[in-house]
Amino acid sequence: MDVTLLWIIGAGLVAGALSMLLAGLLVFTVLSAWIPRLVSYAAGVLLAVAFLDVLPEAFEQSSDAGAIGAVTLAGVLGFFLLEKAALWRHQHEHGDMPLHEHIGGRTGMMILVGDGFHNFVDGIAIAAAFLTDVKLGVATALAMVAHEIPQELGDFMVLLSSGYARSKALLFNFLSSLASVVGGIIGYLLLEDAQAAIPYILAVAAASFIYIAVADLIPHMHRSTDARSTTWQIALIATGVATIVVTDVLLH
């Protein structure tokens with residue numbers, strides 16, 4: 001088996017399964033006090049990977065910098081529209097009532113399906129990164145883990161509130177996480193003979209990192225404005241950025 005494909009499969013397992021297991025550990029041990037700090041660290045990792053690794057590689061591999069910029073912009077706007085549609089649907093179905101009052105088995109299953117699709121897309125992004133460079137692939141997988149942990153925390157909470165037993169919530173989330181491996185394999189098979197598409201897929205991946213950090217994680221961080229919380233946030237954002245810088249140096 002090709003070494004690159006082994007890297008992709010391994011990174012897909014790490015990005016999907018490991019982040020799910022870490023999130024489950026945090027939820028099941030009730031370490032809720034760490035959630036804001038995980039969000040801050042994830043924001044730093046995502047922004048560093050997008051601006052220091054993924055976008056530079058996309059620009060380097062493409063002869064049309066304007067097209068890469070346009071695809072990145074379209075990606076950010078596309079993710080905005082997708083999230084807006086999801087919020088509109090929830091508002092249309094449930095009015096102004098809080099989400100937890102409407103959680104049921106159907107909602108739990110929708111969470112699993114949505115998470116599986118997201119993991120599949122992550123797998124394709126990982127494949128594109130590894131087909132470009134192993135260093136970039138490792139950094140991308142690390143970014144996936146960083147941003148998946150807060151998301152998986154929320155998924156576990158929804159599943160448990162939907163009536164799933166802890167063992168079933170863990171099993172179903174694990175099965176959903178395997179979609180990243182499937183996406184990675186499919187991405188490898190399709191992208192290997194279509195190298196011209198890789199810069200644009202990397203641009204979409206960068207757009208997703210930027211959007212998640214700026215639209216979802218940072219607004220969550222702004223809920224805490226006291227000096228202690230702000231200090232932790234700044235320190236952990238810097239730690240997230242430093243993680244990527246150090247990884248780049250070690251894998252160079």
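Buried residues account for 41% of the 252 residues in this chain. The model is a predicted one. The chain exposes about 12600 Å², and carbon and sulfur atoms supply 71% of that area. Its secondary structure is helical: 9 helices and 0 strands. Along the sequence the pattern therefore reads α-α-α-α-α-α-α-α-α, each helix being a DSSP run numbered from the N terminus. Among contacts with a separation of 6 or more, 85% join residues 24 or more positions apart.

Confidence comes next. The mean pLDDT of the chain is 80, and 80% of the residues score at least 70. Helix 7 has the highest confidence, at 88, while helix 4 has the lowest, at a mean of 76. Residues 99–104 fall below 50. In the model this stretch still has 8 contacts beyond near neighbours in sequence. Where pLDDT is low, predicted coordinates should not be read in detail.

Now take two of the helices. Helix 1 covers residues 3–28. Its 26 residues should span 38 Å at 1.5 Å a residue, and its end C-alpha atoms lie 36 Å apart, so the two values agree. Helix 1 also bends, by about 25° at Val 14. Helix 8 runs over residues 198–221 and has 24 residues. From first C-alpha to last it reaches 33 Å, close to the expected 34 Å. Helix 8 has a kink of about 30°, centred on Ala 213.

What lies inside? The largest nonpolar core has 42 residues. Leu 46, Val 49, Val 54, Leu 202, Phe 209 and Leu 217 touch the most other members. Two or more residues of this core come from each of helix 1, helix 2 (35–61), helix 4 (105–132), helix 5, helix 7 (179–191) and helix 8. Another core, of 12 residues, lies apart from it; Ile 149, Leu 153, Tyr 164 and Ala 169 are among its members.

Val 49 shows how the larger core is connected. Beyond neighbours within four places in sequence, Val 49 contacts Val 54, Ala 139, Ala 143, Phe 209 and Ile 244.

Helix 5 offers two residues to follow. Met 144 sits in this helix. Is Met 144 buried or exposed? Its relative accessible area is 1%, under the 20% cut-off, so Met 144 counts as buried. Leaving aside neighbours within four places, Met 144 touches Ala 15, Asp 122, Ala 125, Ile 126 and Phe 209. Phe 209 is also a contact of Val 49. Met 144 and Leu 46 are 98 residues apart in sequence, yet their C-alpha atoms are 8.2 Å apart.

Asp 155 is the second residue, also in helix 5, which covers residues 134–161. Why does Asp 155 count as buried? Its relative accessibility is 8%, and the limit for burial is 20%. Asp 155 and Ala 23 are 132 residues apart along the chain. Their C-alpha atoms are separated by 9.2 Å.

Finally, turn to helix 3, residues 65–94, where Thr 72 is found. Thr 72 has a relative accessible area of 11%, so it too is buried under the 20% limit. Which residues does Thr 72 touch, not counting those up to four places away in sequence? They are Leu 55, Ala 203 and Ala 207. Leu 55 falls within the range of helix 2 (35–61). Ala 203 and Ala 207 fall within that of helix 8, residues 198–221.

How values were computed. Residues are numbered from 1 along each chain as its sequence is written. This is a predicted model: local features need pLDDT of at least 70, side-chain atom pairs count only at pLDDT 80 or more; totals for chains, interfaces and linings use all residues. Side-chain values use heavy atoms; hydrogens and water are left out. Helices (H or I, at least four residues) and strands (E, at least two) are DSSP runs, numbered from the N terminus. Buried means under 20% relative accessible area, exposed over 50%, partly exposed in between (1.4 Å probe, protein chains only). The expected span of a helix is 1.5 Å times one less than its number of residues. The bend at a residue is the angle between axes fitted to the seven residues ending there and the seven starting there. Contact means heavy atoms within 4.5 Å. Accessible areas come from the Shrake-Rupley method with a 1.4 Å probe; for residues, only the protein chains shown count as cover. A nonpolar core is a set of buried Ala, Val, Leu, Ile, Met, Phe, Trp, Tyr and Cys residues joined through side-chain atoms within 4.5 Å. pLDDT is the predictor's confidence in each residue, from 0 to 100.
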